[in-house]
Amino acid sequence: MKGEDSPHGLGDSFPLMEIGACETEASEQWDYVLVADRHTLQDHRREQRQQRFLGELKRKGFHLKVLEDQKQVFFGLRADGRIFDLYRTLLLEPEVAAPSAAPLTGPPQVPANTRIRIVNFILNCKPAAGESFEDLVKDGVFKTKFPLHKGEEDLKKTWAQWRNVVRNQPINEIRNYFGEKVALYFAWLGWYTYMLVPAAVVGLVVFLSGFALFDASQISKEICEAHDVLMCPLGDHGRKYQKLSDTCTFAKLTHLFDNEGTVVFAIFMALWATVFLEIWKRERARVVLDWHLYGWDEDQEELALELINCPDYRLRLHQHSFLRSGVILVLSLFMICLMIGMAHVLVVYRVLAAALFSNLSLPFLEEQVTTAVVVSGALVHYATILVMTKVNKWMALKLCDFEKPRTFSERESKFTIKFFTLQFFAHFSSLMYIAFILGRINGHPGKSTRLAGLWKLEECHLSGCMMDLFVQMAIIMGLKQTLSNCVEYLTPWLAYKFRSMPCLGHPHLSQDPVLRDWQRNYRLNPVNTFSLFDEFMEMMIQYGFTTIFVAAFPLAPLLALFSNVVEIRLDAIKMVQLRRRLVPRKANDIGTWLQVLETIGVLAVIANGMVIAFTSEFIPRVVYKYRYGPCGREANPKVDCLTGYVNHSLSVFRTKDFQDPVGIAGSENVTECRYRDYRNADDDYNHSEQFWFILAIRLVFVILFEHVALCIKLIAAWFVPDVPQTVKNRVLDEKYQRLRNKLRCKSTDPDSHLLTVCSRGLFFMRGRHRQKE
């Protein structure tokens, strides 16, 4: 039904509705669509509240059109040209500006993304007296609201299709359709993906160089030939001695990512992260200058929208409360401790899983209990991340609401910092445990640290802790890049197909072209404030995995590269074909996310330095090579400098000192076993002199590595200016020309009023001239 045929009498309530002529109007003339259920409006009170809200919109200058199907009532909104005249007057926007002698009025001259942004702001504002749209949705008066997809066919052909996976992105077209915020996201994502190519190549070379030395490593040779060296039992499971030669394969695999190239690659990634950010800043400056947004002020934009919505708007000043800040700090620390506690829960799981797997008596688990524990622990960690993501988002929102930010942009910035901080600990706390704690607080054979006095804490893999960290990183990144992308695409695709099935009670598309278009948009998946935010967050976490522990997983940039090539098209298809249209937002930067990227870059330097120093075998190998090995005793030894390293790095334990030596299989023929540590066997197994010397070298390395890497970052940041000189010169020239024009107007007519008109006219004419260019 249309207009006056509505059973709710809405056609009689709004005389500005265009009843007859509107039947053939194109849907592009309608800025927004509100949706309500027909059956909910049978409540007279709800209908009155709805009419009051729509009447308020009419008084603000909105035209209304009502269309219905079997289940929903659709309200099309079109803002009057006076609203956009106010916008041009307050912001002097070049993209819609005109000389004062020939002002542009009426809807056709206003870009669609600007219209949608203004209308959305007005709909979201809570009036001083009355109900906001959000309040009405909660009470069932309305179901939802959305802008219409219109004119997206070109984006579908050139961008939002899988066959366009290798084509450049049409950033300007994305900006014209989705606004600057979305366009900058895709520009950043495209640049990030492009910059991943050299990082992926270098990481792959480092990884493959280990293959070149797969059988040539002196350490691997010694391990594979150590048939007479028995290793002490790692835990309570598998109570038997294991030959060191049984770990031959894992020793060779460990050398793929724990070799001399690891240090070089970690320094390279620190430099890469800096260069990536600096060049992105330059790219962003060029883009926003072409968009005439280089000096755009977000606060001024929001103030202008507030005044357009309500001319009597009273300025809301910045406020700060030490009490509120203290409460937020305490709650944030509590959540961080909770994230760290979740890592401890995973520790408990791995200990219990080791005991469980050892009691299952499965043949394929008997020799690989430790590997099974590591893999299952990574899967549990991934599931924990999915759950805690929802908890963290809810908590971050509550903290932001309690802090009472002044504007939406300020709220978004504060929410970003809080949510990312919580997500960082949720994703990386388990990796930090594996990298820096696992196997270091376990004591020694015969005197092990036990959980609740019952279960022995897990040990690192016999081939070293780097293997555990590598497996954890590979599983988490693999799942996030493959499973998450599949879910991210299939979920909205299946939901859209479900919403489009008439057999499930969804009404058929109407014959009316306007109503049919509104129905089609309504059946698309809904979007919200966090739709773009979630995409940014996903990329920031991936960037963290790509840089922070990259020393343990040099294939991370390669996985991220493949994932991002798919992610760009995946996000494009979701936004253009599977989801309702995002509300365009203005922006001249990616905002707080840039600070997040810079923080991740600093954390990456610290974490990689500590991984190389404390997790890998790089420092013990170097110390042995130049102090305890053949090269330390002779100037030109005839053997490899690492000859004897394996025997040097394994401590001796007398089997008679076990608390229950009889319970270990084969103990009657074994008098001593070996374990990874630097301890003396003749003085109660205290740490040896080598342990303390190596520890000192580790600390010195961390300090030197971080200072060198940070200096390289600072030099790179200084060497590559944030803003290109061409951009600075163009901005400077525009300022110069604007001042000269004002001076010329002043010299020809000193009247101050005419001066204002003249300067404004010149500004408008310059904006139109840029459009023609």
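**Notebook: exposure, cavities and a buried strand**

I began with Asp684, which counts as exposed at 58% relative accessibility, because the cut-off for exposed is over 50%. Asp684 is in the loop between β12 (672–676) and α25 (689–719). I also looked up a partner distant in sequence: the C-alpha atoms of Asp684 and Asp657 are 9.9 Å apart, with their positions 27 residues apart along the chain. A reminder to myself is that this is a predicted model.

**Entry: the whole chain**

I then stepped back to the totals. I noted 27 helices and 12 strands in the secondary structure of the protein. Of the 773 residues, 51% are buried. Of the contacts with a separation of 6 or more, 77% are accounted for by residues 24 or more positions apart.

**Entry: Glu672 in β12**

Back to β12, where I found Glu672. Is Glu672 buried, exposed or partly exposed? Its relative accessible area is 43%, so I put it down as partly exposed. Setting aside neighbours within four places in sequence, I listed the contacts of Glu672 as Val652, Phe653, Arg654 and Thr655. Cys232 is 440 residues from Glu672 along the chain, yet their C-alpha atoms are separated by 8.4 Å.

**Entry: strand β1**

Next I looked at strand β1 (residues 32–37), where six of the six residues are buried, so the strand is largely enclosed by the rest of the structure. In a regular strand the side chains alternate between the two faces of the sheet. I therefore checked each face of β1 in turn, and both are covered: Tyr32, Leu34 and Ala36 are buried on one side, and Val33, Val35 and Asp37 are buried on the other.

Which strands does β1 join? I found six bridges to strand β3 (residues 72–79), in an antiparallel arrangement. Val33 has Gly76 as its bridge partner in β3. Three bridges join β1 to strand β4 (residues 144–146), and this pair also runs antiparallel. There, Leu34 is partnered with Lys145.

**Entry: helix α11 and what follows**

I tested the length of helix α11 (residues 261–290). With 30 residues at 1.5 Å a residue, the helix should span 44 Å, and its end C-alpha atoms are 42 Å apart, which agrees.

Just after α11 comes His292, with a positive phi of about 60°. I flagged that value since it belongs to a residue other than glycine. His292 sits in the loop between α11 and α12 (298–309). With a relative accessible area of 33%, His292 is partly exposed.

**Entry: Lys404 and Lys418**

I found a positive phi at Lys404 too, about 55°, although Lys404 is not a glycine. This lysine is in the loop between α15 (369–403) and α16. Lys404 counts as exposed, at 54% relative accessibility.

What about Lys418, which lies in helix α16: buried or exposed? Its relative accessible area is 14%, so Lys418 is buried, given that buried means under 20%. Leaving out neighbours within four places in sequence, I noted Ile328, Ala396, Leu399, Cys400 and Glu403 as the residues in contact with Lys418.

**Entry: the cavities**

Last, I searched the whole structure for cavities of 30 Å³ or more and got five. The largest cavity holds about 200 Å³ of space. It is lined by 16 residues, and the closest to its centre are Ile219, Ile223, Ser463, Glu617 and Arg621. I sorted the lining of the largest cavity by character: six residues are nonpolar, six polar and four charged. Which helices each supply at least two residues of that lining? They are α9 (218–224), α10 (248–257) and α24 (645–649).

The second largest cavity holds about 80 Å³. I wrote down its lining as Phe408, Arg411, Glu412, Phe415, Thr529, Phe530 and Phe533. By character, the lining of the second largest cavity divides into four nonpolar residues, one polar and two charged. Helix α16 (residues 408–436) gives the most to this lining, with four residues. An α-helix has 3.6 residues a turn, so residues three or four places apart point the same way. I kept that in mind when reading Phe408, Arg411, Glu412 and Phe415, which are among the lining residues of the second largest cavity.

How values were computed:
Residues are numbered from 1 along each chain as its sequence is written. This is a predicted model: local features need pLDDT of at least 70, side-chain atom pairs count only at pLDDT 80 or more; totals for chains, interfaces and linings use all residues. Side-chain values use heavy atoms; hydrogens and water are left out. On a 1 Å grid over the protein atoms alone, a cavity is a set of points where a 1.4 Å probe fits but cannot get out, and a pocket is an open set with protein on both sides within 12 Å along at least five of seven lines; lining residues have an atom within 4 Å of a point. Grid points are joined across faces, edges and corners, and a volume is the space filled by probe spheres set on the points. Ala, Val, Leu, Ile, Met, Phe, Trp, Tyr, Cys and Pro count as nonpolar, Asp, Glu, Lys and Arg as charged, and the others, Gly among them, as polar. The expected span of a helix is 1.5 Å times one less than its number of residues. Buried means under 20% relative accessible area, exposed over 50%, partly exposed in between (1.4 Å probe, protein chains only). Two strands pair if DSSP finds at least two bridges between them. Contact means heavy atoms within 4.5 Å.
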